[in-house]
Amino acid sequence: MIATPHFAERPAARPSTVVIADDSVVVRGLFARWLGESGRFHVVGVAGDGEAAIEHAGRHHPDIMVLDLDMPVLDGVEALPRIVKESPRTAVLLTTTLTERNAQLALQCMNMGAIDVLPKPDSRSGLTLSLDFRSELLGKLGSIAQSRLRGGEAAPDAGAAVAMPNGVADLRSLVSVMPRYLVIGASTGGPRAVARVLGDLGEALANLTTLIVQHMPPLFTASFADQIALQLGVPTREPHDGERLARGTIYVAPGGRHLGIERKLGHIVASISDGPPVHFCRPAVDVLFAEAARHLGPAALGLIMTGMGSDGTDGATALRHAGGAVIAQDELSSTVWGMPGLVVRAGQASAVLPLGGIGPAIRTLVGGGRPA
């Protein structure tokens with residue numbers, strides 16, 4: 001499991017309201033105690049099935065709902081669309097055990113509006129004893145609460161202007177060669193956002209070798225790759241170590257392992273490793289971006305998207321120093337403006353663009369037709 005990075009948060013004006021929906025009374029009680037002890041959350045309701053979760057959403061309109069996928073009466077997949085309808089401003093964090101089926105269902109839910117997923121330990125005893133899981137749960141909820149504070153009740157420095165290039169014209173002036181590789185880093189809120197950008201790229205994907213680090217555990221990344229392939233009709237997969245990277249193909253870093261690149265016999269190949277986490281993350285955006293800087297230089301275009309933590313800042317810096325350009329998703333369109341925000345504040349963003357503007361900007365840089 002990917003550990004949640006620890007970073008300073010602005011204190012919220014009030015505790016965020018939370019509904020916990022899980023069929024286990026032990027889990028409901030444990031989550032409620034952890035959230036109460038943190039002092040940052042107020043649990044306004046608990047639900048043992050999907051129907052009760054919908055009722056709580058309509059009654060309390062909580063800031064956040066922690067929603068288990070496997071529940072009686074209505075499961076999380078069935079309940080989620082009705083929760084979103086009853087309380088559109090409620091941010092939904094999914095929890096589930098780590099199976100291939102649940103990974104597919106969780107991605108389906110993220111396409112319907114859930115913003116992130118947190119795998120549970122395999123057993124209740126593991127859940128009770130896991131300090132890492134508790135830290136990860138509170139970290140994700142803290143990031144969600146902070147993003148709601150930014151988008152709802154105005155935070156002290158929300159919307160503060162950042163003096164950065166902003167737009168396609170500025171970006172074109174900073175690109176010395178047409179990029180042939182697109183390297184993407186994303187975390188919380190990333191699956192929907194990444195899929196949107198890839199869909200907006202259209203035929204321009206044929207001109208690019210695309211590599212993605214999406215912070216997800218094993219099984220989830222494979223399902224994510226399958227989902228993209230199905231949606232776009234573009235070859236998409238987790239690469240194997242030493243695989244020669246092909247243009248017109250999308251590669252997703254396998255969960256729990258770093259994705260990098262190497263140059264062997266004149267070819268660019270994937271490098272898959274079990275190295276230590278970087279900024280608490282494995283796979284890490286920094287690893288991919290640093291190796292893209294080393295082996296590709298200005299032929300690589302970086303994209304840092306919605307996500308919590310600091311992963312990506314060092315890699316973006318390396319890529320900029322190597323002559324590559326880096327696009328950062330803007331604050332308003334990000335679920336959590338942690339990763340892209342830090343890149344912007346570090347002065348390493350060539351352009352800061354809204355989600356809907358990223359695909360068109362990249363198409364302008366690389367050309368939208370198929371290569372000759």
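1. Which backbone nitrogen does a side-chain oxygen of D49 reach at the start of α2? That would be the nitrogen of E51, and the oxygen of D49 comes to within 3.0 Å of it. Before we go on, keep in mind that you're looking at a predicted model.

2. Let's stay with helix α2, which covers residues 50-60. Its buried residues are G50, A52, A53, I54, H56 and A57. What do they pack against? Three strands and a helix: β1 (16-21), β2 (41-47) and β3 (64-68), plus α3 (76-86). Once α2 is over, you meet H61, and its phi is positive, near 45°.

3. Now step back and take in the whole chain. You have 13 helices and 14 strands to find your way around. Of the 372 residues, 56% are buried. The accessible surface adds up to about 14,700 Å², and carbon and sulfur atoms hold 53% of that.

4. Here's a number for how the chain folds back on itself. Take the contacts with a separation of 6 or more: 74% of them are between residues 24 or more positions apart. Several of the points below give you examples to look up in the model.

5. Strand β6 (residues 181-186) is a good place to go next. Six of its six residues are buried, so the rest of the structure largely encloses this strand. Look at the two faces of β6 in turn: Y181, V183 and G185 sit on one side, L182, I184 and A186 on the other, and all of them are buried.

6. Which strands are joined to β6 by bridges? One is β7 (residues 209-214), which runs parallel to β6 and is joined to it by six bridges. Within this pairing, I184 has I212 of β7 as its bridge partner. To get from β6 to β7 the chain passes through helix α8 (residues 190-201), making a right-handed β-α-β crossover. Strand β12 (residues 300-304) also runs parallel to β6, with five bridges between them. There, V183 stands opposite G302.

7. Follow the chain past β7 and you'll come to H215, in the loop between β7 and α9. Is H215 buried or exposed? Its relative accessible area is 11%, below the 20% cut-off, so H215 counts as buried. Its side chain makes a polar contact of 3.1 Å with the side chain of S187.

8. Helix α9 spans residues 220-232, and F224 is one of its residues. With 0% relative accessibility, F224 counts as buried. What is F224 in contact with, once you leave aside neighbours within four places in sequence? The list is L107, P191, V194, I212, Q214, M216 and V252. You've already met I212 as the bridge partner of I184. For a sense of distance, F224 and A195 are 29 residues apart in sequence, while their C-alpha atoms are 9.4 Å apart in space.

9. E238 makes a nice contrast. You'll find it in the loop between β8 (236-237) and β9 (250-252), and at 30% relative accessibility it counts as partly exposed. Not counting residues up to four places away in sequence, E238 touches T221, A222, A225, V252, A253, P254 and G255. V252 is also in contact with F224.

10. Zoom in on the side chain of E238 while you're there. It makes a polar contact with the side chain of T221, at 2.6 Å. A polar atom of the E238 side chain also lies 3.1 Å from the backbone nitrogen of A222. And E238 is 9.6 Å from L211, C-alpha to C-alpha, with their positions 27 residues apart in sequence.

11. Finally, the aromatic rings. The structure holds three aromatic pairs. In one of them, the ring centres of W34 and F133 are 6.1 Å apart and the planes make an angle of 55°, so this pair is tilted. W34 belongs to helix α1 (residues 25-38) and F133 to helix α6 (residues 131-151), so the pair ties together parts that are 99 residues apart in sequence. W34 and F133 are both buried. Add F31 to W34 and F133 and you have one aromatic cluster.

Technical notes: Residues are numbered from 1 along each chain as its sequence is written. This is a predicted model: local features need pLDDT of at least 70, side-chain atom pairs count only at pLDDT 80 or more; totals for chains, interfaces and linings use all residues. Side-chain values use heavy atoms; hydrogens and water are left out. Helices (H or I, at least four residues) and strands (E, at least two) are DSSP runs, numbered from the N terminus. Buried means under 20% relative accessible area, exposed over 50%, partly exposed in between (1.4 Å probe, protein chains only). Contact means heavy atoms within 4.5 Å. Rings of Phe, Tyr and Trp (its six-membered ring) pair if their centres lie within 6.5 Å; planes under 30 degrees apart count as stacked, over 60 as edge-to-face and the rest as tilted. A polar contact is a pair of N or O atoms within 3.5 Å; within protein, one must be able to donate a hydrogen and the other to accept it, and residues adjacent in sequence count only if both atoms are side-chain atoms. Accessible areas come from the Shrake-Rupley method with a 1.4 Å probe; for residues, only the protein chains shown count as cover. Two strands pair if DSSP finds at least two bridges between them. A crossover is right-handed if, with the strands pointing away from the viewer, the path from the first strand over the helix to the second runs clockwise.
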